[in-house]
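Reader: I have a model open and would like to go through it. Can we take it piece by piece?

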Amino acid sequence: MKIAIVCYPTFGGSGVVATELGLALSRRGHEVHFITYKQPVRLDQLSENIHFHEVNVPEYPLFHYQPYELALSSKLVNVVKRFGIEVLHVHYAIPHAYAGYMAKKMLEEEGISLPMVTTLHGTDITLVGNHPFYKPAVRFSINKSDFVTSVSENLKQDTLRFFNIEKEIEVIPNFIDVSKYQAKAFTDCQRELMAHNDEKIVTHISNFRKVKRIKDVIKIFYRIQKKIKARLMMVGEGPERKKAEKTVKELGIQDKVIFLGESNEIDKILCFSDLFLLPSETESFGLAALEAMVNSVPVISSNSGGLPEVNKHGQSGYLYEVGDVKSMANGAISILENNDTLARFKQQARIASERFDIHQVVPMYEELYQKALILA
Ligand code: GMT
C-alpha cells in the first residue's frame, strides 16, 4: 500500500508512535510518506520505501498566525497526486485531522478518493481538544474521518464522554519492538558513567509539561534517596524544567539529580535504569512507561488515564492516586531496597511489555487500511 502519515515530528509520544509505525510498515513492504514540518526525530533513515515531505509555511507579515493547516492540506493534495497515495493516516486530531479532511475534499473535486484514518493520542482530546475554542473543529474532524482509533480504552471512553461522536472508535494500543531489546550485559549499559556501583538509578522521561507533575517526580526521589543511595536522571525539555532545577537546589540534592535534556538515546539511558517514575496527572497511554518496561525497568506511576492498561500493579511496578508521593516513594523503596525484589520486578516489567509487541499491533493498522481501501 502507499500510505501517507501526518504527525508531529517532535519527541512527543504521538510523533514517536507515528514514526515507528511508518518504519514498521515500510519493513513490511509498504511505501510510506511522512508529511510534516520537520523530519521526525526518530526517522533516522530514508529509503525507497520511506519518504519525507516537508511542509513549508511561508512567512507573510499580514498574518499574525501563519496558516499551517492550509500549507499542510495543500502539501497533502500534491503528494497524494504525485505518488498515488492510497490511504492517509493522521496522528493527533489538531490540526491534522482537520487539514486531512480539507485535502480529502479538494481531491474529491478532482475525482480522487482518499480514505482517512485518524489516531487520537490523548492531549488532542483530554487537554487541548476539549477546550471550547477547538471543540467544534475537533468533533467535526473526528466524525468526518473514515476510521478513528485511540491508543487506549480509557482515551476512547474520554473521547465519547467529551465529544458527540458518531464514529466507531477502535482501540489500537501503542506498541514496542520487543525483539530489539535483548537482555544486555551490565557493562553494555555503561552504567558506571552515571552512578557508583552501590547507587540505584531512578529515571524520568517526559516533555516537562504541567501534566507530568515534575515536582512530584522530585518529591518522590527526595524520599527515596533518604533511604537508599540513588541518583535521578531527568530526561527531556519543557516549561517545567527551570522550576524543577530550582526545587532540586532548594532540597539540596543537586549532586544526585542529573538533567540530561532531550535525548535520542532513550534506550541507552533506560538500559542502566533501575526504576522509572511517571506520576502524571493523566496519560492516555504512557508510551514512556512502556519503553521503560521493555528495557526491564519497573514503573511507579499514577493510576490515572490509560496507565493502568499499561503498568500492572504489583507486576511491572506500582500505581497510586495522583499526587500521593508518599505511597509512590514507599512503593519505589520496596522495589529498590532488595536486589532480589528488584530483579523480580525487572523481569516482570519486561514480560508485561510483551503484550504490546509491534508484531501484534501493526497488523491491526494494516487491517484498517485494507478496510479503508475497500471504502475508496
Ligand atoms: O505526553 C505528552 O504530553 C505528549 C503526547 C503526544 O501527543 O505526543 O503524548 C500523548 O500521546 C502518547 C502516544 O500515544 C501517549 O503515550 C501519552 O500518554 C499521551 N500524553 C498524555 O495523554 C498526557
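Author: What follows goes through the domains, the two sheets, one strand and one residue. Keep in mind that this is a predicted model.

Reader: Fine. What domains does the assignment give?

Author: The domain assignment gives domain 1, made of 2-175 + 357-375, and domain 2, covering 178-355. Their centres, taken over C-alpha atoms, are separated by 30 Å.

Reader: How many residues does each domain put into the contact?

Author: Domain 1 contributes 18 residues and domain 2 contributes 15 residues. On the domain 1 side, helix 1 and helix 6 each supply at least two residues.

Reader: And what classes of residue are on that side of domain 1?

Author: Eight nonpolar, eight polar and two charged residues make up the side of domain 1 that touches domain 2.

Reader: On to the sheets. What is the strand order in the one with seven strands?

Author: The order is 3-2-1-4-5-6-7, in an open sheet with parallel pairing. Strand 3 (50-54) and strand 7 (169-171) each have a single partner strand, so one side of each is left without a neighbour in the sheet. From one strand to the next, the twist averages 25°.

Reader: Which strands does helix 1 touch there?

Author: Helix 1 (residues 13-27) packs on the sheet and touches strand 1 (2-6), strand 2 (31-36), strand 3 and strand 4 (87-91). The direction of helix 1 makes about 155° with that of strand 2. Helix 6 (residues 153-162) also packs on the sheet, touching strand 5, strand 6 and strand 7. The angle between the directions of helix 6 and strand 7 is about 160°.

Reader: How many bridges join strand 5 to strand 6?

Author: Four, between strand 5 (residues 116-120) and strand 6 (residues 147-150), which run parallel. Within strand 6, Ser 150 stands opposite Leu 120.

Reader: Now the sheet with six strands. Which strands are at its edges?

Author: The order is 10-9-8-11-12-13, in an open sheet with parallel pairing. Strand 10 (257-261) and strand 13 are the edge strands, each pairing on one side only. The twist there averages 20° from one strand to the next.

Reader: What does strand 10 pair with?

Author: Strand 9 (residues 230-235) runs parallel to strand 10, and four bridges join them. Ile 258 in strand 10 is the bridge partner of Met 233.

Reader: Strand 12 next. Are its residues buried or exposed?

Author: Buried, on both faces of strand 12 (residues 299-302): Val 299 and Ser 301 are on one side, with Ile 300 and Ser 302 on the other. In a regular strand, side chains alternate between the two faces of the sheet.

Reader: How is strand 12 joined to strand 11?

Author: By three bridges, with strand 11 (residues 275-278) and strand 12 running parallel. Ile 300 in strand 12 has Leu 277 opposite. Together with helix 10 (residues 287-294), strand 11 and strand 12 make a right-handed β-α-β unit.

Reader: And how many bridges does strand 12 share with strand 13?

Author: Four, again in the parallel sense, with strand 13 covering residues 317-320. Ser 301 has Leu 319 as its bridge partner in strand 13.

Reader: Last one, Ala 343. Why does Ala 343 count as exposed?

Author: Ala 343 counts as exposed because it has 11 C-beta neighbours inside 10 Å, and the cut-off for exposed is 12 or fewer. Ala 343 is found in helix 13 (residues 339-353). Its C-alpha atom is separated by 18 Å from that of Leu 290, which is 53 residues apart from Ala 343 along the chain.

Conventions. Residues are numbered from 1 along each chain as its sequence is written. This is a predicted model: local features need pLDDT of at least 70, side-chain atom pairs count only at pLDDT 80 or more; totals for chains, interfaces and linings use all residues. A residue is buried if 20 or more other C-beta atoms lie within 10 Å of its own, exposed if 12 or fewer, and partly exposed in between; C-beta atoms are placed from the backbone. Two strands pair if DSSP finds at least two bridges between them. A crossover is right-handed if, with the strands pointing away from the viewer, the path from the first strand over the helix to the second runs clockwise. Axes are lines fitted to C-alpha atoms, for helices over the stretch in contact, and angles run from 0 to 180 degrees between N-to-C directions. Two residues are in contact if their C-beta atoms, placed from the backbone, lie within 7 Å. Domain bounds come from an automatic or database domain assignment. Ala, Val, Leu, Ile, Met, Phe, Trp, Tyr, Cys and Pro count as nonpolar, Asp, Glu, Lys and Arg as charged, and the others, Gly among them, as polar.
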